[in-house]
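Load the model, show the cartoon, and keep a selection box open. The stops below go from one residue or element to the next.

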Amino acid sequence: MAQQQGIVDQHPPAECYETLAKTDRSLMIDVRTRAEWQFVGLPDLAAIRRELKLVEWVVYPQMTPNTSFPDQMREIIETEGPEQIFFICRSGARSLAAAQATAHLSAAMDRPLHCTNVMEGFEGDLDPEGHRGRLNGWKATGLPWRQG
């Protein structure tokens, strides 16, 4: 029997929040570093009763790949049994890579998942003054967040 592939797609932050709110057995993975969680803030999903999991894609301060990422994701998949996982990072690049890796992992586990990247990420792109969090992304969209 052919192995089923997981689905990977991307949507803007507001659309992800809305879909996350109405999708049973869904959760969000923030793949930024511990320093980003603590000093920049975190998506706040309390109002929609969804869970935010924290799994670094790269490890601060070395910014080297988190070699435990596959094992951490495997545990989440087995324990939580999600049907859809939303991935977020600072600007959408690391979270896209994490979504793709997780979709591949879930297919190998014979539990293909729908993995969605939050485009623009938590802080979004740099504005003309070189600042994040103003132009686009989770925070600039006005979605709920809290300080880590």
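Which residue forms a salt bridge with Glu-51, and how far apart are the closest N and O atoms? The model is a predicted one, and in it the partner of Glu-51 is Lys-53, with the closest N and O atoms 3.0 Å apart.

**Stop 1: Glu-51, Lys-53 and Glu-80**

Select Lys-53 and show its side chain. With a relative accessible area of 17%, Lys-53 is buried, because buried means under 20%. Glu-51 has a relative accessible area of 37% and is partly exposed.

Add Glu-80 to the selection. Lys-53 also forms a salt bridge with Glu-80, where the closest N and O atoms are 3.1 Å apart. Lys-53 belongs to strand S4 and Glu-80 to helix H3, so this pair ties together parts that are 27 residues apart in sequence. Glu-80 is partly exposed, at a relative accessible area of 33%. Glu-51, Lys-53 and Glu-80 are thus linked in a network of salt bridges.

**Stop 2: the sheet**

Now select the strands S1, S8, S7, S2 and S4. They form an open sheet of five strands in the order S1-S8-S7-S2-S4, and the pairing is parallel. At the edges stand strand S1 (7–11) and strand S4 (51–54); each has a single partner strand, so one side of each is left without a neighbour in the sheet. From one strand to the next, the twist averages 25°.

Keep the sheet and add helix H3, residues 69–80. Helix H3 lies across strand S2 (26–30), S4 and S7, and runs at about 160° to S2.

**Stop 3: strand S7**

Select residues 84–88, which are strand S7. What joins S7 to S8? Four bridges do, and the two strands run parallel. To see one of the pairs, pick Phe-86: its bridge partner in S8 is Thr-116. Turn to S2, which pairs with S7 in the parallel sense over five bridges. Here Ile-29 has Phe-87 in S7 as its bridge partner.

Show the side chains of S7. In a regular strand, side chains alternate between the two faces of the sheet. On one side of S7 are Gln-84, Phe-86 and Ile-88, on the other Ile-85 and Phe-87, and all of these are buried, which leaves both faces covered. Five of the five residues of S7 are buried, so the strand is largely enclosed by the rest of the structure.

**Stop 4: helix H4 and Thr-102**

Extend the selection from S7 through H4 to S8. These three elements make a right-handed β-α-β unit.

Within helix H4, pick Thr-102. Is Thr-102 buried or exposed? Its relative accessibility is 0%, so Thr-102 counts as buried. A polar atom of the Thr-102 side chain lies 2.8 Å from the backbone oxygen of Ala-98. Leaving aside neighbours within four places in sequence, the residues in contact with Thr-102 include Phe-69, Met-73 and Ile-77, as well as Ile-85 and Phe-87. Leu-113 and Cys-115 are also in contact with Thr-102.

**Stop 5: Leu-113**

Follow the contact from Thr-102 to Leu-113. Leu-113 lies in the loop between helix H4 (93–108) and strand S8 (114–118). At 4% relative accessibility, Leu-113 counts as buried. Beyond its neighbours within four places in sequence, Leu-113 is in contact with residues including Gly-6, Ile-7, Ile-77 and Pro-82. Glu-83, Ile-85, Thr-102 and Ser-106 are in contact with Leu-113 as well.

For a distance check, pick the C-alpha atoms of Leu-113 and Ala-140: they are 29 Å apart in space, and the residues are 27 apart in sequence.

**Stop 6: Arg-94 and Glu-36**

Return to helix H4 and select Arg-94, then add Glu-36 in helix H2 (residues 34–40). Their side chains meet in a salt bridge, at 2.9 Å from N to O. The pair links distant parts of the chain, 58 residues apart. Both Arg-94 and Glu-36 are buried. To continue from here, display the salt bridges of the whole model; the structure holds 10.

Note on methods
Residues are numbered from 1 along each chain as its sequence is written. This is a predicted model: local features need pLDDT of at least 70, side-chain atom pairs count only at pLDDT 80 or more; totals for chains, interfaces and linings use all residues. Side-chain values use heavy atoms; hydrogens and water are left out. Buried means under 20% relative accessible area, exposed over 50%, partly exposed in between (1.4 Å probe, protein chains only). Contact means heavy atoms within 4.5 Å. Two strands pair if DSSP finds at least two bridges between them. Axes are lines fitted to C-alpha atoms, for helices over the stretch in contact, and angles run from 0 to 180 degrees between N-to-C directions. A crossover is right-handed if, with the strands pointing away from the viewer, the path from the first strand over the helix to the second runs clockwise. A polar contact is a pair of N or O atoms within 3.5 Å; within protein, one must be able to donate a hydrogen and the other to accept it, and residues adjacent in sequence count only if both atoms are side-chain atoms. A salt bridge is a side-chain nitrogen of Lys or Arg within 4 Å of a carboxyl oxygen of Asp or Glu.
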